[in-house]
Each structure stands twice: as structure tokens, then as C-alpha cells.
Amino acid sequence: MSKKLMDLKGHTDGRGLLVALESNKSVPFDIKRIYYLTDLKKSEPRGFHAHKNLKQVAICLQGSCRFILDDGKTREEFILSSATQGLLIEEMYWREMDQFSDGCVILVLASELYDESDYIRDYNEFKKRVL
Ligand code: TYD
């Protein structure tokens, strides 16, 4: 299993599942921002950018989706379909997300506040920077 996939401890009992995430413990950075994606369309892939400094953990809380991570040399595919699995996306990974199932909900924990200047949205620029 790739080191990018993280097993998150789930507390399951007769009432359901609870997962707790803590900065610098289960999540390897200070969590400064949380966002989530819902109402995703199968025909509308997302992402298509990299971040210069940001680290993120993505968790598919409901349903399933595909993440593609590209470090400029290798493209890796991850199907996320478990609320007890996180995908660690470190800085300078080009990411694409697609294949959203019905009802897919994605939670993202981020190491920095939102900063448009941290984005690289041009794949050729990304390739130049990682070479
Ligand atoms: P975008 O980066 O295009 O999403 P994705 O990578 O999933 O394709 O973000 C969509 C919009 O949301 C865009 O207008 C920027 C805004 N946004 C924020 O305001 N704060 C945030 O933390 C994020 C991630 C996005």
C-alpha cells in the first residue's frame, strides 16, 4: 500500500462509526482549514492544479471517487471509498479528482489558509518546477 494512503482509526459500535482526527497526530500537520465537496457531477472532474506549499488529507466520507496524483514523473490512481482511509497529498503534487459516485462527500483537511497565490494551475508550469 502506498504511504500516501493512511488508515484512520474508526470507533464502530452498534450506533455507527466515529472517526476523530487530530493535528500532528493522525494528521501530519497543523490543520488550519477544512472544506468539503458535495453534489459532485460524474461528468465534471475537479482539481487540475498543484500547491507550492500546502499539504492536505482527503477523506471520502460517503460514496467513492478517484484521485490522481502526479509528481511530474509518476501518475498514481487512488480510489477512495472508506471514511477510515485518508489520502495524504503533500506539496507539489498535481491532482485530479473524478469518478464521483452518487452521494459522494469528500472532506479535506489543509495545512494552510486559502491562498490563491499557492496554486499552480498550469500543468506545463508545474512540470517545469518539479524537473
Ligand atoms: P477550486 O480550487 O476550483 O476547487 P477544486 O480544486 O476542487 O476543483 O475551488 C472552487 C472555488 O472555491 C474557487 O472559487 C475557490 C473557492 N475556494 C475557497 O474560497 N476556499 C477554499 O479553501 C477552496 C479550496 C476553494
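This passage describes the salt bridges, the ligand site and a few individual residues of the structure. The model is a predicted one.

Salt bridges make a convenient starting point. Across the whole structure, a search finds 11 of them. One of these pairs Glu76 with Lys4, whose closest N and O atoms are 2.4 Å apart. Glu76 belongs to strand β8 (residues 75-80), while Lys4 sits in the segment before β1 (5-7), so this pair ties together parts that are 72 residues apart in sequence. The two partners can also be described by their accessibility. Glu76 has a relative accessibility of 25% and therefore counts as partly exposed. Lys4, in turn, is buried, its relative accessible area being 12%.

A second salt bridge is made by the side chains of Glu91 and Lys55, with an N to O distance of 2.9 Å. Here both residues come from loops: Glu91 from the one between β9 (85-89) and β10 (94-98), and Lys55 from the one between β5 (46-51) and β6 (56-62), so parts that are 36 residues apart in sequence are tied together by the pair. Glu91 is partly exposed at a relative accessible area of 29%. Lys55 is likewise described as partly exposed, with a value of 21%; the boundary for buried residues is under 20%.

A third pair links two strands. Arg75 forms a salt bridge with Glu96, and the closest N and O atoms are 3.4 Å apart, a distance to be read against the 4 Å limit for a salt bridge. Because Arg75 lies in strand β8 and Glu96 in strand β10, the pair ties together parts that are 21 residues apart in sequence. Arg75 is partly exposed, with a relative accessible area of 48%, whereas Glu96 is buried, with a value of 12%. Beyond these pairs, Arg66, Glu77 and Asp98 are joined into one network by salt bridges that share partners.

Attention now turns to the ligand. Its surroundings consist of Arg33, Tyr35, Leu37, Arg46, Gly47, His49, Met97, Tyr114, Tyr119 and Arg121. In terms of residue type, this shell divides into five nonpolar, two polar and three charged residues. For anyone setting up the site for further calculation, the contacts to ligand oxygen atoms may be a handy place to look. A polar side-chain atom of Arg33 lies 2.4 Å from an oxygen atom of the ligand. Arg46 also places a polar side-chain atom by a ligand oxygen atom, at 2.9 Å. With Gly47 the contact comes from the backbone, where an N or O atom lies 3.0 Å from an oxygen atom of the ligand. Taken alone, the ligand exposes 540 Å², and the protein buries 59% of that area. Strands β4 (33-37) and β5 are the elements that give two or more residues to the shell around the ligand.

Asp118 offers a contrast to the paired charges described above. This residue is placed in the loop between β11 (105-110) and β12 (119-120). Asp118 is buried yet has no salt bridge, and the nearest side chain of opposite charge, that of Lys52, is 6.2 Å away. That distance lies outside the 4 Å limit for a salt bridge. The side chain of Asp118 does have a polar partner: one of its polar atoms lies 2.9 Å from the backbone nitrogen of Asn53.

Two residues stand out for their backbone angles. Asn24 has a phi near 60°, a positive value in a residue other than glycine, and is located in the loop between β3 (16-19) and β4. Phe48 likewise has a positive phi near 60° without being glycine. Phe48, however, is found within a strand, β5. Its relative accessibility of 37% means that Phe48 counts as partly exposed.

A last note concerns Val19, a residue of strand β3. With a relative accessibility of 27%, Val19 counts as partly exposed. Between Val19 and Tyr36 there is a separation of 17 residues in sequence and a C-alpha to C-alpha distance of 16 Å in space.

Note on methods: Residues numbered from 1 in each chain as written. Predicted model: local features only at pLDDT ≥ 70, side-chain atom pairs only at ≥ 80, totals over all residues. Heavy atoms only, no water. Helix = DSSP H or I, 4+ residues; strand = E, 2+ residues; numbered from the N terminus. Buried < 20%, exposed > 50% of the residue type's maximum accessible area, 1.4 Å probe, protein only. Near = heavy atom within 4 Å. Polar contact = N/O pair within 3.5 Å; in protein donor to acceptor, adjacent residues only side chain to side chain. Areas by Shrake-Rupley, 256 points an atom, 1.4 Å probe, with all protein chains shown as cover. Nonpolar A, V, L, I, M, F, W, Y, C, P; charged D, E, K, R; others polar. Lys, Arg positive; Asp, Glu negative; His and termini not counted.
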